[in-house]
Amino acid sequence: MTRVVLIRHGQTEWNNAGRYQGQSNTELSEAGCRQAEILAYISQNAEDSELYVGKVAAHFGLSTRRVYEVVRLATQMSFGEYLMTVRMKQAGKLLCNTQLEVSKISRQCGYQNYTSFYRAFSRFYGVTPTE
């Protein structure tokens with residue numbers, strides 16, 4: 001099963017006020033810029049096996065609750081689901097486009113434990129990483 005992740009744009013003043021935008025391109029609000037920064041940070045650091053919500057919160061000077069809220073608003077996923085999705089998409093690319101061993105790919109995607117990676121991959125894609 002293929003999973004597609006859509007991340008809506010960050011908050012703008014227009015969508016915050018409930019205004020119809022049509023095809024108009026409006027600038028992100030301060031909150032929208034923060035949303036984009038947080039999601040980019042998670043994506044760019046997903047290979048860190050010690051990445052967790054507290055680390056992201058500390059990096060941005062926010063509470064863990066606020067990070068959870070930002071991720072949920074932008075992705076309709078929990079922090080853990082979003083992080084796993086980013087990691088699994090990277091794993092899928094590496095498996096398809098490189099000759100790296102699965103154990104090495106698992107480490108490059110933020111998993112210290114091959115068994116955890118194997119289970120997560122199987123749940124996400126519906127096949128094992130060796131199939």
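Of the 131 residues in the protein chain, 37% count as buried, where buried means under 20% relative accessible area, exposed means over 50%, and partly exposed lies in between (1.4 Å probe, protein chains only). This is a predicted model, in which local features need pLDDT of at least 70, side-chain atom pairs count only at pLDDT 80 or more, and totals for chains, interfaces and linings use all residues. Residues are numbered from 1 along each chain as its sequence is written, and side-chain values use heavy atoms, with hydrogens and water left out.

**Confidence and overall layout**

The predictor's confidence in each residue is given as pLDDT, on a scale from 0 to 100. For the protein chain the mean pLDDT is 86, and 81% of the residues reach 70 or more. Among the elements, helix H1 (residues 13-17) has the lowest mean pLDDT, 59, while H3 has the highest, 97.

The protein chain holds seven helices and zero strands. Both kinds of element are DSSP runs numbered from the N terminus: helices are H or I runs of at least four residues, and strands are E runs of at least two. Along the sequence the pattern reads α-α-α-α-α-α-α. Contact here means heavy atoms within 4.5 Å. Among contacts between residues at least 6 apart in sequence, 47% join residues at least 24 apart.

**How the helices pack**

Here are three helix pairs to look for in the structure. Axes are lines fitted to C-alpha atoms, for helices over the stretch in contact, and angles run from 0 to 180 degrees between N-to-C directions.

| Helix pair | Axis separation | Angle |
|---|---|---|
| H2 and H3 | within 11 Å | roughly 130° |
| H5 and H7 | within 10 Å | roughly 90° |
| H2 and H5 | 9 Å | about 50° |

Angles under 35 degrees count as roughly parallel, over 145 as roughly antiparallel, 65 to 115 as roughly perpendicular, and the rest as oblique. H2 and H3 are therefore oblique to each other. On the H2 side, Arg-34, Glu-37, Ile-38, Tyr-41 and Ile-42 make the contact, and on the H3 side Val-56, His-59 and Phe-60 do.

H5 and H7, by their angle, are roughly perpendicular to each other. Their contact brings together Met-84, Thr-85, Met-88, Lys-89, Ala-91, Gly-92 and Leu-95 of H5 with Phe-117, Ala-120, Phe-121, Phe-124 and Tyr-125 of H7.

The third pair is H2 and H5, with an angle of about 50°. That makes H2 oblique to H5. Leu-39, Ile-42 and Ser-43 in H2 meet Phe-79, Tyr-82, Leu-83 and Val-86 in H5.

**Two nonpolar cores**

A nonpolar core is a set of buried Ala, Val, Leu, Ile, Met, Phe, Trp, Tyr and Cys residues joined through side-chain atoms within 4.5 Å. The largest one has 19 residues, and those with the most contacts inside it are Ile-38, Ile-42, Val-56, Val-67, Val-71, Phe-79 and Tyr-82. Two or more residues come from each of helix H2 (30-44), helix H3 (53-60), helix H4 (64-75) and helix H5 (79-97). Val-67 is a good place to start looking: leaving out residues up to four places away in sequence, Val-67 touches Ile-38, Val-53, Val-56, Ala-57, Leu-62 and Phe-79.

Apart from the largest core lies another, of 12 residues, among them Ala-91, Cys-109, Tyr-111 and Ala-120. Cys-109 sits in the loop between helix H6 (102-108) and helix H7 (114-125), and at 1% relative accessibility Cys-109 counts as buried. Beyond its neighbours within four places in sequence, Cys-109 is in contact with Ala-46, Glu-47, Arg-87, Gln-90, Ala-91 and Leu-94. The C-alpha atoms of Cys-109 and Met-88 are 7.5 Å apart, although 21 residues separate the two along the chain.

**A few more residues to find**

Pro-129 lies in the segment after H7 and, at 7% relative accessibility, counts as buried. Not counting residues up to four places away in sequence, Pro-129 touches Leu-95, Val-102, Phe-117, Tyr-118, Phe-121 and Ser-122.

Gln-76 is found in the loop between H4 and H5. At 59% relative accessibility Gln-76 counts as exposed, and Gln-76 has a positive phi of about 65° although it is not a glycine.

Finally, Ala-31 in helix H2 is partly exposed, with a relative accessible area of 29%. Ala-31 and Val-70 are 39 residues apart in sequence and 9.1 Å apart in space, C-alpha to C-alpha.
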